[in-house]
Every structure is written in C-alpha cells, then in structure tokens.
Amino acid sequence: MNKVKEKEIIPCSCPKGGIYSDGTVFSKMLNRFKKPYLRNGYLDTVIKEDGKWRNYRINRLVAEAFIPNPDNLPQVNHVDGIKTNDSAYNLEWVTDKQNKKHAWDTGLKIPSVQKKGEKHVGAKLTNEEAAMVRISKLSVRKLGEILGVHHSIIHGIRKGKRYPIEAKD
C-alpha cells in the first residue's frame, strides 16, 4: 500500500499549482482550489502557463507527487477501476500491458473479439442487415453502396468472417 501523508500539498509538475493526495488541485496563481472537469472519463484540470492554457490529467499529477516510480513505468492505473477516484491510495504505476490486463481482468474492458456482429464496437450493420446480405443476389459493390459500407465488409459477411450466424436455442 502506498504511504501517503493525508492532505499534504505537494508541488506538482504544473509549475503554478500544487496537488493533494486526494487529487485536489490548488492554483498558486489564483490562490484557490481548481475545479476539475471530465475529459474522456478522467478528471483533468487546466492551468495557465506562459500565457497559454495547459491540460493536466489529475491522476498523473497525484502519481508523480505521491507514488514512487523507481522502474520509470509509463502509465498510471486506477486500482479500483474508477477513473475519477484519483486518491494516491487508488493509483499505481504500470506498463501498458499491465494496465490493459487489469482492465480485462476486472471486466472494465471486454476485448473486441468477444463482441460479435452488431455488438462489436466497430459494427456498421445490424445482424438483420447482415442476414439480408447473405441471401442477396446483388454484387458486393452494389450492396456496399446501398448499405453505405465498404464492399470488403459485404465480402466478409458472405465468407462468414464477419457477423457470424448466431445459433438459436
């Protein structure tokens, strides 16, 4: 477990600010606490430097200030999987591979290969449209034009490599 001094403010990599172990950001320039905002599911803050606004991911500021990184690992992982819980107790330094494995192991991410047909994140057609493609006599290019997808998707459906036919109970 990380050894963190509760509510101690530490200077962080943003030169005009400081960070607490719970993820609270303090602006030295404004002499007040900064309100975080949500960006891509993570809490961020913005601090003005040299006349320009710069975004900082709060979990990274907390990790840099409170969690030793002797192996120089590149990513910060949320142990409980909650991206907005930026407490130092909930963060750890990891590799990209460890971070992805943690997401899969905890169910935060389901590998795309487990999602089939219209449930796949990149699905362009419904399963019903794919079924129609299989029985249609039109060319792959013509069907692609009609359905608004590249002809290679139509070809993949007909070859059985995309949108697999689901077995009925």
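Two aromatic pairs are found when the whole of this predicted model is searched. In one of them, the rings of Tyr20 and Phe33 are tilted, with 40° between the planes and 5.8 Å centre to centre. Tyr20 belongs to the loop between β2 (17-19) and β3 (25-27), whereas Phe33 is part of strand β4 (residues 32-34), so this pair ties together parts that are 13 residues apart in sequence. Phe26 and Phe33 make an edge-to-face pair, for which the planes stand at 75° and the separation is 5.3 Å centre to centre. Through these ring pairs, Tyr20, Phe26 and Phe33 are linked into a cluster.

The members of the cluster can also be described by their accessibility. Tyr20 has a relative accessibility of 16% and counts as buried, because the cut-off for that class is under 20%. Phe26 is likewise buried, with a relative accessible area of 15%. Phe33, by contrast, is partly exposed, its relative accessible area being 45%.

From the aromatic rings the description passes to the nonpolar interior. In soluble globular proteins, nonpolar side chains tend to be buried together. The largest nonpolar core of this model has 16 residues, of which Ile19, Ile58, Val62, Phe66, Ile67 and Trp93 touch the most other members. At least two residues of this core are supplied by each of β6 (42-49), α1 and β9 (91-94). The largest share, five residues, comes from α1. Another core lies apart from this one; it comprises nine residues, including Leu125, Leu143, Val149 and Ile154.

Ile58, one of the residues that touch the most other members of the largest core, merits a separate account. When its neighbours within four places in sequence are left aside, Ile58 is in contact with Ile19, Gly23, Val25, Pro36, Leu43, Asp44, Thr45 and Asp86.

The final feature is a pocket. The largest pocket has a volume of about 460 Å³. It is lined by 17 residues, and those closest to its centre are Tyr42, Val76, Asn77, Lys83 and Asn99. Helix α1 (58-66), strand β8 (75-78) and helix α2 (96-105) each provide at least two residues of the lining. The largest share of this lining is contributed by α2, with five residues. Helix α1 thus appears in both settings: it supplies the largest share of the largest nonpolar core, and it also provides at least two residues of the pocket lining. In chemical character, the lining of the largest pocket divides into seven polar, five charged and five nonpolar residues.

Methods
Residues numbered from 1 in each chain as written. Predicted model: local features only at pLDDT ≥ 70, side-chain atom pairs only at ≥ 80, totals over all residues. Heavy atoms only, no water. 1 Å grid on protein atoms, 1.4 Å probe; cavity = no way out; pocket = protein on both sides within 12 Å on 5 of 7 lines; lining within 4 Å. Points joined across faces, edges and corners; volume = space filled by probe spheres on them. Helix = DSSP H or I, 4+ residues; strand = E, 2+ residues; numbered from the N terminus. Nonpolar A, V, L, I, M, F, W, Y, C, P; charged D, E, K, R; others polar. Phe/Tyr/Trp six-rings, centres within 6.5 Å; stacked < 30°, edge-to-face > 60°. Buried < 20%, exposed > 50% of the residue type's maximum accessible area, 1.4 Å probe, protein only. Core = buried A, V, L, I, M, F, W, Y, C linked by side-chain atoms within 4.5 Å. Contact = heavy atoms within 4.5 Å.
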